[in-house]
Amino acid sequence: MSTALDSLLDLLDLERIEQDIFRGTSRSAVVPRVFGGQVAAQALVAAGRTVPADRSPSSRMDSSRGGPTAHSLHAYFLRMGDPGAPIVYTVDRIRDGRSFATRRVVAVQHGQPIFHLSASFQTYEDGLEHQAAMPPAPDPETLPTAAEMLPRYADRFSDPGMVDRLVEARAAVDLRYVDAPPFGTVGEPREPRSQVWFRTNGKLADDPLLHVCMATYVSDMTLLDSVLLAHGRGGWAVGDVVGASLDHAMWFHRPFRADEWLLYDQESPSASGGRGLGQARIYTQDGRLAITVIQEGVVRVPR
């Protein structure tokens with residue numbers, strides 16, 4: 001396991017300060033604010049830790065043999081987080097039913113809410129089965145790593161330290177672009193679609209909630225790329241747009257491991273009013289649809 005992944009796992013291991021109150025810290029990000037995926041993942045950890053012990057996710061990755069695990073989350077990013085201050089997560093136990101458990105989490109910094117999450121957990125049950133087919137994509141092992149790919153675009157960033165910061169920010173996760181990222185084709189509008197493969201840089205414990213939280217963390221890294229591609233914009237690191245995540249929703253359909261290759265197939269159906277919408281499906285390497293993701297963010301052109 002990489003040192004960076006160890007550090008990320010420590011970040012997700014929240015301190016319990018009361019029965020339903022937790023405290024987390026932050027790590028450095030590419031921009032001077034808390035990374036949205038970190039807050040979402042930590043909030044889901046807090047929610048999951050209040051599910052009763054006899055209903056907590058099984059330590060086995062086969063969800064048919066355990067208690068409930070997260071099946072959906074819906075979140076709003078309310079304020080920019082301060083990476084230099086702890087984040088307090090308060091959990092409300094909305095409902096514990098026979099099949100579903102619902103939690104509400106508010107993340108607070110400096111006395112103000114910065115993030116709100118609703119999460120639902122479900123005990124496994126049999127049901128109807130169908131799914132959208134996995135789109136074609138190259139073998140992830142044939143694609144360059146972030147450390148190999150990012151230096152190629154060093155001239156696109158006005159900040160000479162940007163490549164190193166981007167590599168460091170993604171060191172815990174092996175994330176590989178199928179095609180050039182937005183900052184690789186600045187000024188060249190493309191179809192608003194993007195694909196990346198990802199997995200953690202090391203093995204994870206057999207805890208379904210951990211894998212769900214790790215996928216939640218990664219899901220905020222590239223989802224709005226497709227919005228930028230449609231307009232030939234390079235993104236926040238280039239400086240030709242400014243923005244932030246507004247809301248985020250995920251549905252977890254089938255068991256998966258975040259330490260095995262997952263295909264993140266993303267597209268943007270709309271951008272208007274200073275906002276851009278991204279939607280995506282995440283597939284296991286053998287073609288099972290694991291997760292659906294939708295996010296809207298502020299995407300503004302600097303004046």
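Hi everyone, let's start with one pair of strands: β2 and strand β4, residues 87–96, pair in the antiparallel sense over four bridges. One spot to find on your screen is I21, which stands opposite T90 in β4. Before we go on, please keep in mind that this is a predicted model.

Now stay with strand β2, residues 21–24, for a moment. Which of its side chains are buried? F22 and G24 point to one face and are buried, while I21 and R23 point to the other face and are not. That fits a pattern you will meet again: in a regular strand, side chains alternate between the two faces of the sheet.

On to the neighbour, β1. Three bridges join β1 to β2, and these strands run antiparallel. Look for E15, whose bridge partner in β2 is R23. The two strands form a hairpin, with two residues between them.

Let's zoom out to the sheet. How many strands form it? Twelve strands form an open sheet, and the pairing is antiparallel. If you want to trace the order with your finger, it goes β1-β2-β4-β5-β6-β3-β9-β12-β11-β10-β8-β7. The edge strands are β1 (15–18) and β7 (173–177), each of which pairs on one side only. From one strand to the next, the twist averages 25°. And what holds neighbours together in general? Strands of a sheet pair through backbone hydrogen bonds, either parallel or antiparallel.

Next, find β9 and β12 in that order. Strand β9, residues 242–252, is joined to strand β12, residues 289–300, by ten bridges, and the two run antiparallel. As a landmark, A244 has V298 in β12 as its bridge partner.

What lies across the strands here? Helix α5, residues 208–222, lies across several strands, among them β3 (69–77), β6 (112–122), β9 and β12. The helix runs at about 145° to β9.

Finally, the chain as a whole. The protein chain has six helices and twelve strands. Its C-alpha trace spans about 55 × 45 × 40 Å along the principal axes. A compact globule of 303 residues would have a radius of gyration near 19 Å, and the chain has 19 Å, so the two agree. Buried residues make up 51% of the 303 residues. Of the contacts between residues at least 6 apart in sequence, 72% join residues at least 24 apart. As for the outside, the chain exposes about 13,800 Å², and carbon and sulfur atoms supply 50% of that.

That's my tour, thanks for listening!

Methods. Residues numbered from 1 in each chain as written. Predicted model: local features only at pLDDT ≥ 70, side-chain atom pairs only at ≥ 80, totals over all residues. Heavy atoms only, no water. Pairing = 2+ DSSP bridges. Axes fitted to C-alpha atoms, helices over the stretch in contact; angles between N-to-C directions. Contact = heavy atoms within 4.5 Å. Buried < 20%, exposed > 50% of the residue type's maximum accessible area, 1.4 Å probe, protein only. Rg over C-alpha atoms; globule rule 2.2 N^0.38 Å. Areas by Shrake-Rupley, 256 points an atom, 1.4 Å probe, with all protein chains shown as cover.
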